[in-house]
Amino acid sequence: MKTKIKNITRNILLIILAVLLIWIIFHNVMSIYEQKKYQALGQLVEVDGNNIHVYTKGDGRNTILLLNGLGTAAPVMDFEPLINEMAKYNKIVVVEPFGYGWSDLTNKERTVENIVEEVRTALKKSNIEGPYILMPHSVSGIYSMYYANKYPDEIKAIIGIDFTLPKALEYFAESAPTLPKYMSFAAPTGIVRFALTINSNEFLPIANEGSYSNENLKMTKIISAWKGSNRNVVDEGNEINNNIEKTKDMSFPANLPVMIFTAAKNEGNKEDRSKKTFYQSQLRNAAINKLVILEGHHYLHWTQYKKISDHVNEFTDTFVKD
């Protein structure tokens, strides 16, 4: 009886392993096919031996550089409604970092120094001249703070979308999040693709119907299957604490115009500290500043892209000099 149970258990395990192997092979074959079929929308430029995807739209007097948050698998797709609105009056640029969108993976550490230098190199090789208006979302606020302090002549304003700033952890008495290393196997083994087949809504923007085209949502799912939770994303998440340590003593340059968008649903903690009060404290050093509170998700651009664009145009027309 025991021998029979062992044989059954062994056979079940072998079947499971065989199915997993078949799925991994299927996922990798599909990824190769999809990457050949769905070419990058912008241009691919070589940075440190690998390709970075740079997408541009519009031709206005301001060059606005959109920077994505951690784990946004397809930045160009994610920002598309906002890009389309702002490109009516500005030149919009998205540099997809290594590990995101149509960009390659890299073996370089996801330090704030490396990420900023990679973005700068990609811009230069794409012949996109500054000075730029940085428009970071979420964790990219840390990179923008470093960029503005390290290369102030290249930046003429910062406009943040519910972004992370280096002093946030200290202000809210929190610790930086970490990601388990095993998550880096989710992309190459096809786990993300499998999750997408079960519930793709978890990977798509929470937006009003029609904000994102069917083609956009299709590409978001496809790119998420390639890039979701890959090793660069996991490493970037685990580097947040170190990147904050390197930038926590930085503040916005006094002469730099700064505008911040944040979500209305920001309940204060027991010390009555909220994102609103935090951002207000961070803006004190900036002579020209504005805090805009909008209804919506942490990804405010999913639903508020028109209002964001209107505020950006008004702010830049009034305060940002050529």
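**Notebook: strands, helices and backbone exceptions**

I began with strand β2 (residues 50-57), which pairs with β4 in the antiparallel sense over 5 bridges. Within this pairing I looked up valine 54 and found that it stands opposite valine 95 in β4. I note at the outset that I am reading a predicted model.

I then followed β4 (residues 91-96) to strand β3 (residues 63-67), where the two run parallel and are joined by 4 bridges. Here leucine 66 stands opposite valine 94 in β4, while threonine 63 has lysine 91 of β4 as its bridge partner. As for enclosure, 5 of the 6 residues of β4 are buried, so I take this strand to be largely enclosed by the rest of the structure.

I stayed with threonine 63 a little longer, since it lies in strand β3. Its relative accessible area is 11%, and because buried means under 20%, I entered threonine 63 as buried. Leaving aside residues up to four places away in sequence, I listed its contacts as Lys91, Val93, Ile128, Glu129, Tyr132 and Ile133.

Next I traced the whole sheet, which is open, has 8 strands in the order β1-β2-β4-β3-β5-β6-β7-β8, and is mixed in its pairing. The edges are held by β1 (43-47) and β8 (289-294), each with a single partner strand, so one side of each is left without a neighbour in the sheet. I also noted that neighbouring strands are turned by 20° against each other on average, with direction ignored.

I asked which helices pack on this sheet and took two of them. Helix α5 touches β3, β5 (132-136) and β6 (155-161), and its direction makes about 155° with that of β5. Helix α12 (residues 305-319) lies across β3, β5, β6, β7 (258-263) and β8, and runs at about 160° to β7.

I turned from there to helix against helix. Helix α4 (residues 112-125) packs with helix α5 (residues 140-150) at an angle of about 70°, their axes being 10 Å apart; angles of 65 to 115 degrees count as roughly perpendicular, and therefore I describe α4 and α5 that way. From α4 the contact draws on Val112, Glu113, Ile115, Val116, Arg120 and Leu123, and from α5 on Ile142, Tyr143, Tyr146 and Tyr147. Sorted by class, these residues are 8 nonpolar, no polar and 2 charged.

For the second pair, I found that the axes of helix α7 (residues 191-198) and helix α8 (residues 214-227) come within 7 Å and cross at roughly 145°, and that the crossing is right-handed. Val192, Arg193 and Leu196 of α7 make the contact with Lys221, Ser224, Ala225 and Trp226 of α8, which I sorted into 4 nonpolar, 1 polar and 2 charged residues.

Last, I checked the backbone for exceptions, bearing in mind that most residues other than glycine have a negative phi, and most peptide bonds are trans. The peptide bond from glycine 130 to proline 131 is cis, with omega near 0°, and proline 131 sits in the loop between α4 and β5. Aspartate 162, in the loop between β6 and α6 (168-172), has a positive phi near 40°, and at 2% relative accessibility I count aspartate 162 as buried. Alanine 173, in the loop between α6 and α7, also has a positive phi, of about 55°, but at 72% relative accessibility alanine 173 counts as exposed.

How values were computed:
Residues numbered from 1 in each chain as written. Predicted model: local features only at pLDDT ≥ 70, side-chain atom pairs only at ≥ 80, totals over all residues. Heavy atoms only, no water. Axes fitted to C-alpha atoms, helices over the stretch in contact; angles between N-to-C directions. Left-handed = near helix turned anticlockwise from the far one by under 90°. Contact = heavy atoms within 4.5 Å. Nonpolar A, V, L, I, M, F, W, Y, C, P; charged D, E, K, R; others polar. Parallel < 35°, antiparallel > 145°, perpendicular 65-115°, else oblique. Pairing = 2+ DSSP bridges. Buried < 20%, exposed > 50% of the residue type's maximum accessible area, 1.4 Å probe, protein only.
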